[in-house]
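Biologist: Could you walk me through this one before I set anything up?
Modeller: Gladly, let us look at it together.

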Amino acid sequence: MAFLTHFPVSPIHHQSSSLFTRFFLSSKPKTILIYATLSPSHFSSTSTIIPSSSLATLEEISLPEETPLQIAQEKLFIPPDTEISSEKPPRILRGSNIVLSKYARDAQINSAEFVKSSVETEACPSDGWPEFALVGRSNVGKSSLLNSIVRRKKLALTSKKPGKTQCINHFRINDSWYLVDLPGYGYASAPHELKQDWNKFTKDYFLNRSTLVSVFLLIDASIPAKKIDLEYASWLGQNQVPMTLVFTKCDKRKKKKNGGKHPEENVQDFQELISKYFDSVPPWIMTSSLTNQGRDEILLHMAQLRNYWLNH
Ligand code: GDP
């Protein structure tokens, strides 16, 4: 495949700026200032209309007056084959550190259906389509996010049915790729043996599933980092399993005066705590299933990872 050196490339990039964070290069050459907007009202327009043909015609969203989050260039996730420079500044997905590449196309969802529950990696679908696995602590908002991504109120309930909560649940999207719901971890009441089994089972999937493009590790951004989440992220990093951090519940804003941190601060803290386990910065994205914040951005990110994977 010919490598294109200009950016952006596809019609989506030319027409739509609503999904992108506005940025500018500051006087410090390697710092990019990024406005991360979290208020539900600013995301309502992205949650209403997605034409089935394209994501390109979403309405422009006006940005509120907020202190910009600063993301240094070296903390951006820059997809392969993507050049950035001050002449060719990056387009960064809103509420994330993810730079958009020429591979971000075909991001819309036209169909989603439950396919099967598997109890081991070998029993998973064998058609070779690329897949993304969603995993996180129980109650992190995994089912809600899955339903929000596919825009179906109850699709993920399938994985909550008795007997399926400890399975690898495959959902086929657009007859060409999979979303995979993995068992939630961290049940306080789960017996020790079950935790052990679960560890073995999902770790085997992460290490041996050849069509796994990226794990999407869900982290609750409304609370400070939990030990079990840090352990999980560091295990994925140490084992070089491709991972995207998906911060959930970003609509929940704790009052500073009560000692609570804002989701942005929890997001920053989490990354600092895991940074030593990663050679390069993992992509991260802020979401809310309540407001659909991050939904379209997740789909664009999945699309670019998937298209790159299919081409290599
Ligand atoms: P799961 O156990 O990880 O599948 O979590 P669920 O999707 O069942 O959600 C757990 C709880 O968190 C439920 O009470 C949801 O209503 C709530 N929840 C999930 N996502 C969000 C979110 O984005 N914002 C808020 N405020 N609550 C959420």
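**Helix, strands and pocket**

Modeller: This is a predicted model, and a good place to begin is helix 7 (residues 295-310), where 13 of the 16 residues are buried, so the helix is largely enclosed by the rest of the structure.

Biologist: And what end-to-end distance should helix 7 span?
Modeller: At 1.5 Å a residue, its 16 residues should span 22 Å, which agrees with the 22 Å between the end C-alpha atoms of helix 7.

Biologist: Switching to strand 10, how many of its residues are buried?
Modeller: For strand 10 (residues 212-220) the count is 9 of the 9, so this strand too is largely enclosed by the rest of the structure.

Biologist: Which strands does strand 10 pair with?
Modeller: Strand 7 (residues 131-136) pairs with strand 10 in the parallel sense over 6 bridges, with F132 standing opposite S214. Strand 11 (residues 243-248) also runs parallel to strand 10 and is joined to it by 6 bridges, and there L218 stands opposite V246. Between strand 10 and strand 11 the chain passes through helix 5 (residues 227-238), in a β-α-β crossover that is right-handed.

Biologist: OK, pockets: how much space lies in the largest one?
Modeller: The largest pocket holds about 460 Å³, and of the 20 residues that line it, F77, P242, M243, S280 and P283 are the closest to its centre.

Biologist: Which element gives the most to that lining, and what is the mix by class?
Modeller: Helix 7 gives the most, with 3 residues, while strand 10, strand 11 and helix 7 each supply at least two. By class, the lining has 14 nonpolar, 5 polar and 1 charged residues.

Methods
Residues are numbered from 1 along each chain as its sequence is written. This is a predicted model: local features need pLDDT of at least 70, side-chain atom pairs count only at pLDDT 80 or more; totals for chains, interfaces and linings use all residues. Side-chain values use heavy atoms; hydrogens and water are left out. Buried means under 20% relative accessible area, exposed over 50%, partly exposed in between (1.4 Å probe, protein chains only). Helices (H or I, at least four residues) and strands (E, at least two) are DSSP runs, numbered from the N terminus. Two strands pair if DSSP finds at least two bridges between them. A crossover is right-handed if, with the strands pointing away from the viewer, the path from the first strand over the helix to the second runs clockwise. The expected span of a helix is 1.5 Å times one less than its number of residues. On a 1 Å grid over the protein atoms alone, a cavity is a set of points where a 1.4 Å probe fits but cannot get out, and a pocket is an open set with protein on both sides within 12 Å along at least five of seven lines; lining residues have an atom within 4 Å of a point. Grid points are joined across faces, edges and corners, and a volume is the space filled by probe spheres set on the points. Ala, Val, Leu, Ile, Met, Phe, Trp, Tyr, Cys and Pro count as nonpolar, Asp, Glu, Lys and Arg as charged, and the others, Gly among them, as polar.
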